[in-house]
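User: I am new to this structure and would be grateful for a close look at how its helices pack against one another. Please set that part in the context of the rest of the chain and of the confidence of the model.

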Amino acid sequence: MSRKEIPKPNVQHVDIRGTCSSNLIISTNNNISFLDERFKNKPGQFCPGCNPFAQTGRSKLQNQRATLNQQIIKQMRMRAGAENLLKATSNNKVKEMVLLELSYVNSNLQLLMGELEGLNSSVEVYQNTQETTNIPLIALGLKETKDIDFSTLFKDFILEHYSEDGNSFEDEIADLMDLRQACRTPSRDEAGVELLAKYSSHLPLMENRFFSPNRQTGIFFTWYDSFTGVPVCQQNLSLEKASILFNMAALYSQIGTRSNRQTIAGLEEAISAFQKSAGILNHLKETFTHTPSYDMSPAMLSMLIRMTLAQAQECLFEKTALPGIRNQFHCLMKMAQEAAKVSEIYDLVHQSMIQTPIKDNVPFFWSTTTQVKTNHYRSMAHFFVASALLDHQLGLSDDEDQQEKTLSQVYDRLPEGRSPLDILKRRDERERIGKAHIRRAITGHEEALRIYSLCHHLNKLEVLEDILRASLQRSLNKCSENEDEEEFTDYTEAPDIISKTEHKAEMEVPATTKVKVTDFFQRLGPLSVFSARQRWTAPRTIKLPEDRDLGFTLKGESPVQVVSLDRLCSAAADGLKEGDYIVAVGDIDCKWMSVSDVMRLLKDVNEEGIDIQVVSIMDSNPPMPTKSATFCGNLPKTYSMICLAYDDDDKNPKSRKVTKKSSFLNFALKNRLKSASTLSLPTADHSGSLPWNKPCPSFPSSSSYNNDSALY
């Protein structure tokens, strides 16, 4: 049964927004048209990498986002109409009514924007279902788009431009529409990424086939900003290409947040996913520099790249700490610098989020989370240094030269009048600096909890609060263990810790960005010749008699071209010209045939001769750049320019933090009393079932504030 023969039953309205097949159409009169026969006869079969009926938390979130986008565009149209009426009328009563209506519309817009920010703050649906003990990560939401019907316009273009029956390409056009529709609901795995990459690879082919530089096709591609919900509409394919790349990066970030970070394999998957997400975002930033959508402006992309790399660095830190941190002087100092590196990167992300114009549209949840993590990991670094100084006194069997060099690498500067060797040898100095670090750790954890309490979206993440409180309690316990009642209050300030890492997160461009695909419209002929840029005459029929000497020769691969034409031959008299392309011999299409194949057909001629069809390329003027209509939700004209003009890489270089580069020395100082113990990261695990909890005391958890473990 063909597509057009499938009956269209009248059924009740069902909300199935974002379905896979383009033949499943939602109408306004509460009727749904038919399902494609392939899906009807094979329930549960979808385009690979897509399952629109899987009602996961993520898909429900996307459906809510799509609904909000429609409501936002409706309110923006009402606001545009009211503003136009306000400019056109001089009646004071009408102006008062319009101003009142504008106030309602603006109020509704603010509420809708707040709801959209709440959806962007719902990071819990992107986390691993078994992930209950690690700090949550932020995932990018997919950009939403409108359905597009290519059928009529592509059929007309095929008939007008290629002189072929457009109805014969119904299946190809439908397959292309199905593929685009499937990209709206990709599965959260490599198959989903490959689905997006497949459609991305088809876009240049579609552009060469149907998008002429001298005319507009009348097809409008509409995509919604993932942060503001503002629609952007263009007639060229640049917006489509950029949006698909953005969704690939967003999907990789969702894969990263979904990974099980309680295992090494899960952490490696998360690290790779975040690095690939950053690589695609960087490619998007370098390739599409004039995209009108705010979420793909250079300033926003720079911030998103930093955020994904920061989360990759956080996972690298967790991977280092997952097996357990040995309770040794050198290991503790090394982990302190690793934690300081994570804190430093998150601080850079936070600074970029609070810059204009990013701060006006980035969810408050995001900037608050980065600020919390900045304080949390900085405090963790101070705790590690405090543990190394307070729990590991310099003994006779310890190598004081190694400890001195290790300590000198950790500090950018030391308190005036003190040297690393003085701190290590003098017990009172060692305790004084160690206590100063533990005080900074306590202060930092308290600040993280204070910032956490300011964001109501962040308050929903109870696991984060558990980890922060457990970390604070562990620092308080460490402080009380080393408290001396007879000691006077010491106001020594702990030095800053130099950030350093052995495994830095780097951008990675995945190989799946482009995949090899077969052109849906390859029946039109080789793309090098039969493209929207070329113009031809209508196919002409030439009669060739039964004659061994045709009067011309052929060249080229496919399609073959007529050369060395004898002007006195019968074919020339019938209208054949040099440079003509042979597109058919008799009833056989030969656009893809080689010279030998076409010659074989021409020699197999009966007494009546044979008809061939040829086309000639028409002379055309150099193509002029066409204007592309862009709609940005009635935003001011300066909207895109503000986004494109700002790049946080151009900030004052004085504001960048410069740290001293020092060589890495490998030390393994041991403490006889504590050499067998290990450390782990703070978690919210209440069962004690994690791998790092089995061989050694765990990091502080919400259920073990009074744990007797000497280390984090």
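Analyst: In this predicted model, helix α11, spanning residues 364–391, packs against helix α14, residues 427–454, at an angle of about 160°, and the two axes lie 8 Å apart. Because angles over 145 degrees count as roughly antiparallel, α11 is roughly antiparallel to α14. Their crossing is left-handed. The residues in the contact of α11 with α14 comprise 16 nonpolar, ten polar and six charged ones.

Helix α7, residues 238–258, takes part in two further packings, described here in turn. With helix α6, residues 190–210, α7 forms an angle of about 170°, the axes being 10 Å apart. That angle makes α6 roughly antiparallel to α7. On the α6 side, the residues that meet α7 include E190, V193, L196, Y199, L203 and E207. On the α7 side, those that meet α6 include E240, K241, I244, M248, L251 and I255. By class, ten residues of this contact are nonpolar, three are polar and four are charged.

The other packing of α7 is with helix α8, residues 264–287, at an angle of about 165° and with 7 Å between the axes. These two helices are therefore roughly antiparallel to each other as well. α7 passes α8 in a left-handed crossing. From α7, the contact draws on residues including A242, L245, F246, A249, S253 and G256. From α8, the residues that meet them include A270, A273, F274, S277, I280 and L284. The contact of α7 with α8 divides into 13 nonpolar, five polar and two charged residues. M248, Y252 and I255 of α7 are among the residues that meet α6, and M248, Y252 and I255 are also among those that meet α8.

The loops between helices and strands hold further details. The loop between α10 (329–353) and α11 contains P357, and the peptide bond from T356 to P357 is cis, with omega near 5°. Another cis peptide bond joins S558 and P559, with omega about 0°; P559 lies in the loop between β5 (553–555) and β6 (561–563). In the loop between α4 and α5 is S163, which has a positive phi of about 55° although it is not a glycine. Such features deserve mention because most residues other than glycine have a negative phi, and most peptide bonds are trans.

Aromatic rings also pair in this structure, which holds 13 such pairs. In one of them, the ring centres of Y162 and W536 are 5.7 Å apart and the planes stand at 40°, so the pair is tilted. This pair links distant parts of the chain, 374 residues apart: Y162 lies in the loop between α4 (151–161) and α5 (170–182), and W536 in the loop between α15 (462–481) and β4 (540–544).

Confidence should be kept in view throughout. The mean pLDDT of the protein chain is 77, and 74% of its residues reach 70 or more. Helix α9, residues 298–321, has the highest confidence, at 95, whereas helix α18, residues 638–645, has the lowest, at a mean of 35. Residues 1–44 have pLDDT below 50, and this stretch makes 80 contacts in the model beyond near neighbours in sequence. Residues 634–676 likewise stay under 50, with 81 contacts beyond four places in sequence. Where pLDDT is low, the predicted coordinates should not be read in detail.

Technical notes:
Residues are numbered from 1 along each chain as its sequence is written. This is a predicted model: local features need pLDDT of at least 70, side-chain atom pairs count only at pLDDT 80 or more; totals for chains, interfaces and linings use all residues. Side-chain values use heavy atoms; hydrogens and water are left out. Axes are lines fitted to C-alpha atoms, for helices over the stretch in contact, and angles run from 0 to 180 degrees between N-to-C directions. Helices (H or I, at least four residues) and strands (E, at least two) are DSSP runs, numbered from the N terminus. Angles under 35 degrees count as roughly parallel, over 145 as roughly antiparallel, 65 to 115 as roughly perpendicular and the rest as oblique. A crossing is left-handed if the near helix is turned anticlockwise from the far one by less than a right angle, and right-handed if clockwise. Ala, Val, Leu, Ile, Met, Phe, Trp, Tyr, Cys and Pro count as nonpolar, Asp, Glu, Lys and Arg as charged, and the others, Gly among them, as polar. pLDDT is the predictor's confidence in each residue, from 0 to 100. Contact means heavy atoms within 4.5 Å. Rings of Phe, Tyr and Trp (its six-membered ring) pair if their centres lie within 6.5 Å; planes under 30 degrees apart count as stacked, over 60 as edge-to-face and the rest as tilted.
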